[in-house]
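Colleague: Please take a close look at the largest pocket for me. What is its volume, and which residues lie nearest its centre?

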Amino acid sequence: MSGWRHPTAGRVNRERPAGFHFDGIALTGFEGDTLASALLASGTRVLGRSFKYHRPRGLWGMGGEEPNAILDVTRDGVTMPNVRATTELLEDGMALSSVNAAPDAAHDRYRLLDRLQRFLPAGFYYKTFMRPGWMTWEPMIRRMAGLGRIDPANCPPADCPRINAQCDLLIIGAGPAGLAAARAAARKGRAVWLVDEAPEPGGSLRWRGGFIDGADWREFVDAVQAEVLAAGGRVLARTTLWGAFDHGLFAAWERRTGLPDVHWRIRAGEVILAAGAIERPLWFANNDLPGVMSAEAALHHLVLYGAVAGRRIVLATGGDASYPVAAALAEAGAEVTLTDIRPEGPDAPEGVRVVRAARLTAARGGREVRCAVIDGEAWEADTVLTSGGYTPSVHLYCQAGGKLDWDDVRDALVPRRGTAPIMVAGAASGSFGLSAALAEGHAAAGGEGPAPRPEGDAPWGVTPMRPDPALPGRQWIDLQNDVTLKDVGLAAREGFTSVEHLKRYTTLGMATDQGRTSNFAGLAAMAALTARSIPETGTTTYRPPFTPVPLAVIAGRRRGALFNPLKRLPLEPEHRAAGARFREYGGWLRPAVYGTGDESTLAVDEARTARQSVGIFDASPLGKIEVIGPGAPELLDFANYVRMSTLRPGRARYGFMLAESGVVYDDGVVLRLAEDRFIVSASSSHVAGVLLRLEDARQDRFDPSRVVLHDVTAHWVTLTVTGPRARDLLDEAEIAVPEMPHMGVAETTEAGHPMRIARVSFTGDLSYEVSVPARHSDDLRNRLDRARGAVGGRWIGLEAVMILRAEKGYILVGKDTDGLTMPHDLGWGAQRERRRDEYLGKRSLFTPEGCREGRRQLVGIAVSDGDAPLAAGAHLVPLDGPRRSLGFVTSSYRSPGLDRPIALALLEDGRARIGDRIGCFHMGEVRAAVVAPACAFDPEGHRLDG
Amino acid sequence: MQRFQCPFCGLRDETEFHFATEAGKSRPEPAEEVTDAEWAAYLHLNDALKGQAREVWVHLTCGEYFLMTRDTLTREVSGSEALPGRAS
């Protein structure tokens, strides 16, 4: 218990206390606190257990780099797992619980694992859990490792808007460099978007402070914001720019209080990355103990929240930037000793004891820091702050394809100019210190006149610090994934010397902090161990997201009903009122059956009625692609397996569209309304694809000025009347039907609006497809509905239609065909033999594959052992001899017309086997069946005429 | 998210487009005179160029096929034009 709340420091609202719980203990923070600052100020040290060894871990940092303080947060009874304590604002009533600890962080029952560390080196999973197999061990390991728990009650609403935006200049990071760039650009009249993760702009100015152009930094920030807004720009706070994508698209996640988060997709004319830098840790024995913290973070928590890291503080550093930190902590009332690895440095701040040329080699303590060992001498301390230099935040530059260069002077990997379409300014480019940041930001935006100037810029001298393999004890490189310097050494000895191999073998840098505090040290350690330079060792790849982003934000509103919106029928309300049960069929929401009760029974009843008297079903999704113009016949001839130019006006013809591979892509009827006007009735789920293939041929093969295509599927409602009394029903409905043969079509006028009637049958019975413009669908529907009683008709759903078509052996492409089925496999071989002209897929029908013996052909299957329908998908096998698959059942129903099960199948040499007995294998059992013609019902087709 | 230039509609997101074919592949005809190998090459062999490539794409929202020249490595689009004989 060492952190404390300073009585006056910080900008939290002390009038508004916020009560919260951590692992069941009641604590209090203030409005404006982050979870991290509230926990720090409350004195809570152990915030979780480490990933592998279950060692106690405490707060390290102040932002997205935080490797330890990851908590499950329960608010209003709903738990959000793995929240970074440093970036989440405290709310009254929150319940926080530690992750990877049982029952809690203070009393973790797996803590003894740390004693076994000798037996748990890097890669021990791969070496140890080989036998009897990983799957045996996985559940146990998953229980012990891993982070937070998923809350099944956590189903956030699909309410995050996704907003596309454009701006002249996108500036990532609103610290000094970003602000200077924003000011310069705004003054040139450019629309600037200034984006920052923090609740307010300012960046490091917020805790390091400073005077700029003679005024307090706050005035500078306010003035820049005003100028940005006046020039038509925007300032987004609490917004994480999390990904750079192709062609200059940037994704940002804006967090809002009381409103859904926003997912921004920003395209900018220019981009300036001013994301700052992240402090590196130091490497010494037990550098993972709770109480070891980033020095920069300690200043951040003190200045912004009044949360002081400890009372007896040792600050170990090699850079000038740590001196103001020590000064601020001493002024706040802590006892501060600063140990500088350099023999010389800035003057000792007031109240700070400075020890020069001193090296921190170990921290000691059980559950938290008790003392720091400096040059062999143990110093009592409750807190150890460290600063090992700064790593520029170059993630987004690299995501955008940028490369890095090693810079000895800055002791960092810095962006190589010109390798990504992004300018980099300030600490992100390795230019540390306030005046450098302001000058670079100003220059990056093409600033005119002098750059903003700070008063009394602090020195920024730094000595490179590296992990030392000669130092005794365990030194942590990656805190979140529990990787030590020894693990890096083991990887080097076992040959995993490439950084990409090091990363995967030891899991270094692969945790949710993405190695912000660890990648550099791992890289430097590997370079030292293999006697290579850092550029020779290389860096790993940076990928989005920059920080973990909730999937709910990325998914936005595209969830549930809006994920893949269904197409709806204009008559859906009427069908619902008639008791229809709806289901998706090929992207359309359509009636499956009408009424209540068992669905298959209802479907069979509906099919029986349609066979005995008449059924009406909504066939509106049936494709209606108009093909218009003098070039229409030749286009359709090319696009179809069956010639359509020979069709007479007023007639319809069934055909197939093939892919160039010769495989059946779609089937359907083509109607010819006039010499130069056709309608292609593509299958309801294939309309877009058929249209695209027709367009391809139209534009790339024919004269597009001679033929146009127009998809009017959604413009027309089609109701199909089918059954022996279909004509009676239409008469009863007083719909005038011109005399026409089977496969005839006519355009008429009914009550002043256009109507199209086609005698096309998908059921084998006399059928009329009656189409009217969608706005007149009520009238048509009501007339048919009123008339059906007189002829004993009823509405039937798609399930009944499926039965009726299967009885006739009519196929559904994609269900009764697969990716190998050619038209001659379906019994349509005549055109293949006869046609001399070119058509889509033609040549493929004559390849060795197309001519092969033993192709799977469409057949029917009759069951000879009882009443149960066969399982769709069941394999057909020989009844005698070695078992192998000869094909499979594609459709299977109980036929009301025949009062027995029927099935369609694709079967090797199927037509030659008609009459043969065959086995039907399903779930280990073989049923005896007989191969039959595909058409089981009314094979002579008498019923087509009613 | 890439952006492509439709010669008819302008710059649009890649989700509005479909790749059709590599440019300059002509369909071997008549079928009776095309060998199995020629046909297989037409169907299956693509250059899949690394670097500058000329391709036919379709802008789904307007339905127009067009020619696009782009770098498959850097993803830079250097030009798009209507099919020969098609005004844009």
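Modeller: Here is a walk around that pocket, with a short note on one part of chain A.

This is a predicted model, in which local features need pLDDT of at least 70 (pLDDT being the predictor's confidence in each residue, from 0 to 100), side-chain atom pairs count only at pLDDT 80 or more, and totals for chains, interfaces and linings use all residues, while side-chain values use heavy atoms, without hydrogens and water. Residues are numbered from 1 along each chain as its sequence is written, and chains are lettered from A and ligands numbered from 1 in the order in which they are written.

The largest pocket has a volume of about 1800 Å³ (a pocket is an open set of points on a 1 Å grid where a 1.4 Å probe fits, with protein on both sides within 12 Å along at least five of seven lines; lining residues have an atom within 4 Å of a point). Its lining holds 47 residues, and nearest the centre lie A:Arg75, A:Met80, A:Trp253, A:Asp261 and A:Pro550. Strand E6 (70-75), strand E7 (78-84) and helix H15 (551-555) of chain A are the elements that each give two or more residues to this lining (DSSP runs, with helices of at least four residues and strands of at least two). E7(A) gives the most, with seven residues. By class, 24 lining residues are nonpolar, ten polar and 13 charged.

As for annotation, UniProt's unreviewed entry places "domain: GCVT N-terminal" at residues 574-828 of chain A. Over residues 574-828, chain A is 27% helix and 31% strand, with end C-alpha atoms 40 Å apart.

Conventions:
Grid points are joined across faces, edges and corners, and a volume is the space filled by probe spheres set on the points. Ala, Val, Leu, Ile, Met, Phe, Trp, Tyr, Cys and Pro count as nonpolar, Asp, Glu, Lys and Arg as charged, and the others, Gly among them, as polar. UniProt positions are given in the numbering used here, feature names are shortened, and annotations may be inferred rather than shown by experiment.
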